[in-house]
Amino acid sequence: MAGTGTNSPRPSSIITPAPRSDEIASGIAWAREVKDPWDPSILTLDGGGIRGYSSLLIIKALMVEIAKWENKMEAEIKGEKTFDDKDLLPCHYFDYMYGTSTGGLIATMLARLRMPVDECLEIYRQVGNDLFGTRRSRIPLTTKYYHEPLERAVKRITTDHCPLPHEDCDGEDYYPWHPELDSPAEDASPISTMSSFSVSNPSHHICQAICLTATHNQSISEAYLLRTYPHRYVNVANWITLYNEGADPLKIWQVTRATSAAPFYFEQLEAYVRGELKIFKDGGIRENNPSGAAWSEFVSLYGERRDPALLLSIGTGRPNQQNDGFAAAWPAPFGRYTLVKKWSEKMAVFRNLLVKYTEGERQHRAMMDTARGQNTWYKRLNVCEGLQTMKLDNWERGEWKNPLTGEEKVVVGGATLTRMEKAVENYLTREFDHGEGDTYAPPKVMLEQAAEKLVRQRRARERSKNLYPKRWETFMGEHLHREKPRGEQAEEASASIAGGAGDQSAER
């Protein structure tokens, strides 16, 4: 049974027996224990172009498991089951979501726009066709696709799903949260009146989104973070990575463009930030796996003596790393020509791009060293087989089964979607395989344990809401006045969520 944490009263008569060694090694003890209800849970999402669809499918499977655990615990208390995974929001279980490239787009939809996974999957299928359905150019090392469809799509998504109390949202919302004002002045930063982010400030405890991008600065190794909160580094450990500070006043569509501007695929984003012109490229050039950035940010906010409740890293499929050799730079005298210089520069970017896009597993191993395995607060789920040769812009016509209608037919992008769906299904149902990177349990067990942990954390927070009402209300988004779901499922969704999580009708 979960404890109520260091910030909540705990009856002295209750003595929790020490977990057995096998329970610790198997992850069972970690999943059952709640040290502090407000220990943060973190989700990180790799870049991978269209392969980000596989990440969303894994999150969908996670929400299904979360609903099972919610219903199991609800039945123990009230004797009824009221939770449906379609109505649950990931932002009610995670405190921070980090994403690179299309992982940033997913983090934006789930955290900043507070959307359910099913809607994100549907949008991802639509945006996939918008982005990769029409090529701009077939000339090698030139930009292949138009960026305007992504801008229009994100503005449309923001308009349809904006959680802020706009009467007529035009899709031009700023990315950083702004608790004090409904909308910023035209000549001011949306965070100009907001103090530095603080984990002790109840009004800051809303699910935060962070997109990784790359920009021209003094560092060529670290990503540039676009946050929904204004972070400052104060008295931090000297061994963590220090990224840029603050929360740049960019629009939601600008942030998703910035993190997704993969060289040779989409044009880079140019934007003025506080009077300075910045050029943003895909964060995969720096850190395609954002778990390291998430860990550094966590330590800078919470200190090095505290662990997160969960840091769940989700990849986009292990890439094919067989072809890793490239020609050297052109020697003189040819290297002096402008055309050759430009070509060499593109090849240098391409070489760096390949390394960054394929080093996700290296970052994973570093995180396992930090967490001493995956049987406690750190876990990574990443499809092993089936996606190695899938290109970032793969979009092939073929047969696909609609999960909503059950109809099966040939559609644009159908072969791509079907391939990813089968790969994820095979990954989440296979047995333990050390050769595929399993360390203590197969993917399905890790998913179940992560779900149990997230549910116990959320329920422990709900039990402490009388002690911390503002923190709870902010985390659940009750101050956002978001409209209830449209259509016939509105009352069902509201009742389902309210049944186990308190009064949350304002969120939906």
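So, is D46 buried or exposed? D46 is buried, with a relative accessible area of 4%. Keep in mind that we are looking at a predicted model here. In that model, D46 is found in the loop that connects β1, residues 41-45, with α3, residues 52-78.

Now, who are its neighbours? Leaving aside residues up to four places away in sequence, D46 touches T100, G103, N288, N289, P290, S313, I314, G315, T316 and R380. Let me pick out R380 from that list, since there is a bit more to say about it. The side chains of D46 and R380 are joined by a polar contact of 2.7 Å.

Let's move on to the annotation. Which residues does the UniProt "active site" annotation cover? According to that record, an unreviewed entry, they are S101 and D282. These two span 182 residues in sequence, yet their C-alpha atoms are no more than 5.7 Å apart, so they gather at one spot.

Let's take them one by one. S101 sits in a loop, with β2 (96-100) on one side and α4 (102-112) on the other. Its relative accessibility is 4%, and because the cut-off for buried is under 20%, S101 counts as buried.

And D282? That one belongs to a strand, β6, which covers residues 276-282. D282 is buried too, with a relative accessible area of 0%.

To pull this together, friends: D46 is a buried residue in the loop between β1 and α3, and its side chain makes a polar contact with that of R380. The annotated pair, S101 and D282, gathers at one spot. Thanks for listening, and I'm happy to go back to any of these residues on the screen.

How values were computed:
Residues numbered from 1 in each chain as written. Predicted model: local features only at pLDDT ≥ 70, side-chain atom pairs only at ≥ 80, totals over all residues. Heavy atoms only, no water. UniProt positions renumbered as here; feature names shortened; annotations may be inferred. Helix = DSSP H or I, 4+ residues; strand = E, 2+ residues; numbered from the N terminus. Buried < 20%, exposed > 50% of the residue type's maximum accessible area, 1.4 Å probe, protein only. Polar contact = N/O pair within 3.5 Å; in protein donor to acceptor, adjacent residues only side chain to side chain. Contact = heavy atoms within 4.5 Å.
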